[in-house]
Structures are given as C-alpha cells and as structure tokens.
Amino acid sequence: MIGRIHSIESFGTVDGPGIRYVIFTQGCLLRCQFCHNPDTWNTKAGKEMSTDELIEDIRSYLPYLESSNGGVTVSGGEPLLQIDFLIDLFTKCKNELGIHTAIDSSAGCFTNTPHFMEKLERLFKVTDLILLDLKQIDNEKHKKLTGLPNQHILEFARILSDHQVPVWIRHVLVPGLTDSTEDLERLAAFIRTLKNVQKIEVLPYHKLGVYKWENLGLEYPLEHTEPPSEEVVNRAIEILNAAR
C-alpha cells in the first residue's frame with residue numbers, strides 16, 4: 001500500500017505517549033488561519049512511500065520506541081484522507097512490530113457514509129489512541145477559522161466515544177479566535193458528553209510556520225495576532241480540564 005508522505009520525525013515527544021515515530025501525511029481539507037504546515041495542504045505533493053518501507057524504517061527505531069512505551073503516530077495534513085494506507089500501516093505495526101499506534105486528526109474529511117464507516121471500523125481495531133483537534137466549538141466561527149463547518153467533526157468525536165476509542169483532545173488557543181470564555185465553556189460542556197477522553201491539551205498559538213506561508217506565496221491572515229499570555233493559557237486549561 002502506497003501513501004503520500006510530507007515528512008517523518010523519528011524522535012517525536014509531543015504526539016502521544018513516549019518517544020514517537022511521527023509520519024506527517026500529505027493533504028488536508030481544512031484551511032486553518034493559524035496552520036503551521038500549509039505545505040501539507042496539497043494532496044498531490046509529498047513523497048510516495050509504501051507501508052513496507054515505513055515498517056522497515058520504524059523497525060530500526062524499535063528499541064527507543066519500546067523502552068519509552070512510545071510508538072507510531074500518523075499526523076498531517078489529515079491522515080484520514082489516506083484511510084486505506086492507515087489501515088494497512090497500523091495492521092503491520094500491530095502484527096509485525098507489536099507497537100502502540102496513534103492518529104493526530106482534525107477529522108475534516110470525516111463522512112458517515114457506509115463505505116467510510118466500514119473502513120473506520122477496521123481502522124479502530126488497530127488504533128490505540130486518537131489525538132483529536134477541536135478547533136472551535138461554534139460552527140460559524142469554525143467556518144471562518146478553517147473554511148469548513150464543524151458538525152461532522154463533532155459527530156466523529158461522538159463516534160469515537162461510542163466505540164470507546166481512547167482520545168486526547170487538543171485545542172489550539174488563538175487570541176481573539178478560540179479563547180473566549182463562552183466558547184471554552186461550550187467546548188468543555190461538549191467534552192463532558194464524551195466517555196473516552198483521557199487527556200485535554202491546550203496548545204498556545206505560535207508563529208513558527210509563518211515562513212511557510214511566505215514561501216508558498218500565501219498571505220498570512222494572523223499577521224498581527226500574538227501568542228497568548230501565560231495567564232490566558234492557564235485560564236483555558238482550567239476551563240477545559242473542568243470537563244474531566
């Protein structure tokens with residue numbers, strides 16, 4: 001099975017438990033104003049790699065992954081755009097390597113069609129953890145922020161809960177866009193309806209990817225937005241973790 005890959009990080013420490021072998025896939029439907037990897041948007045770009053190639057490379061890092069209780073995380077872009085590739089890769093991770101598997105997803109491409117749901121059921125069987133990025137709970141604000149509505153994303157979160165797939169919720173805190181008390185409290189209320197949330201992470205907005213927008217000839221929409229203060233971040237953490 002062939003996947004379209006943007007890049008690989010062999011010693012990731014923030015995308016799941018332990019040391020992670022992180023595969024960044026190519027392609028994403030969302031157009032987040034704060035995206036730090038706009039070079040992953042194009043579904044036609046990236047490098048083609050087979051799951052067998054990746055398994056052999058992962059194998060060389062197994063001592064580090066296993067000793068830290070780590071594993072493999074597929075991020076993006078949006079991994080679910082390449083769901084057949086994910087199923088094949090994670091099946092081999094389990095059958096051949098016996099290691100922990102995780103997906104970092106915004107669920108922008110989720111659809112509840114029978115065809116996609118059947119594949120999702122197969123994927124759940126070989127997935128240990130999903131890092132679910134919830135950008136904005138308000139649908140209209142979500143559309144402005146990402147270019148797409150959020151109803152299908154929230155539906156995906158409920159499906160994960162129904163299937164008891166372990167989840168870490170991630171929320172990027174952007175001043176003026178995702179940090180209002182009302183929105184955070186609404187997000188916390190939604191999280192309280194889920195039965196599978198192991199952890200809630202608040203990720204402070206940063207500008208580290210601005211140069212990529214410039215290299216692609218894109219106008220960065222948050223040019224005048226600064227990272228949130230420590231006080232604002234701590235307030236968001238307090239509100240969201242009240243959901244647990």
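The questions and answers below deal with aromatic rings, one lysine and the largest pocket of this structure.

Biologist: What kind of model is this, and from where are residues numbered?

Modeller: This is a predicted model, in which local features need pLDDT of at least 70 and side-chain atom pairs count only at pLDDT 80 or more, while totals for chains, interfaces and linings use all residues. Side-chain values use heavy atoms, with hydrogens and water left out, and residues are numbered along each chain as its sequence is written, from 1.

Biologist: How is the aromatic pair of Tyr21 and Tyr61 classed?

Modeller: Rings of Phe, Tyr and Trp (its six-membered ring) pair if their centres lie within 6.5 Å, and planes under 30 degrees apart count as stacked, over 60 as edge-to-face and the rest as tilted. By this rule the count comes to 7 aromatic pairs. In the pair of Tyr21 and Tyr61, the distance is 5.8 Å centre to centre and the angle between the planes is 50°, and the pair is tilted.

Biologist: Why does the pair of Tyr21 and Tyr61 tie together parts that are apart in sequence, and how many residues apart are they?

Modeller: Helices (H or I, at least four residues) and strands (E, at least two) are DSSP runs, numbered from the N terminus. Tyr21 lies in strand 2 (residues 20–25), whereas Tyr61 lies in the loop between helix 1 (51–59) and helix 2 (62–67), so the parts that the pair ties together are apart in sequence by 40 residues.

Biologist: Is Lys212 buried or exposed?

Modeller: Lys212 has its place in helix 8 (residues 210–215). Buried means under 20% relative accessible area, exposed over 50%, and partly exposed in between (1.4 Å probe, protein chains only). The relative accessibility of Lys212 is 15%, so Lys212 counts as buried.

Biologist: Which strand gives the most to the lining of the largest pocket?

Modeller: On a 1 Å grid over the protein atoms alone, a pocket is an open set of points where a 1.4 Å probe fits, with protein on both sides within 12 Å along at least five of seven lines, and lining residues have an atom within 4 Å of a point. The largest pocket is lined by 34 residues, and His36, Asn37, Ser75, Gly76 and Asp104 lie nearest its centre. Among the elements that give two or more residues to this lining are strand 5 (100–105) and strand 7 (167–173). The most comes from one element, which gives 4 residues, and this is strand 1.
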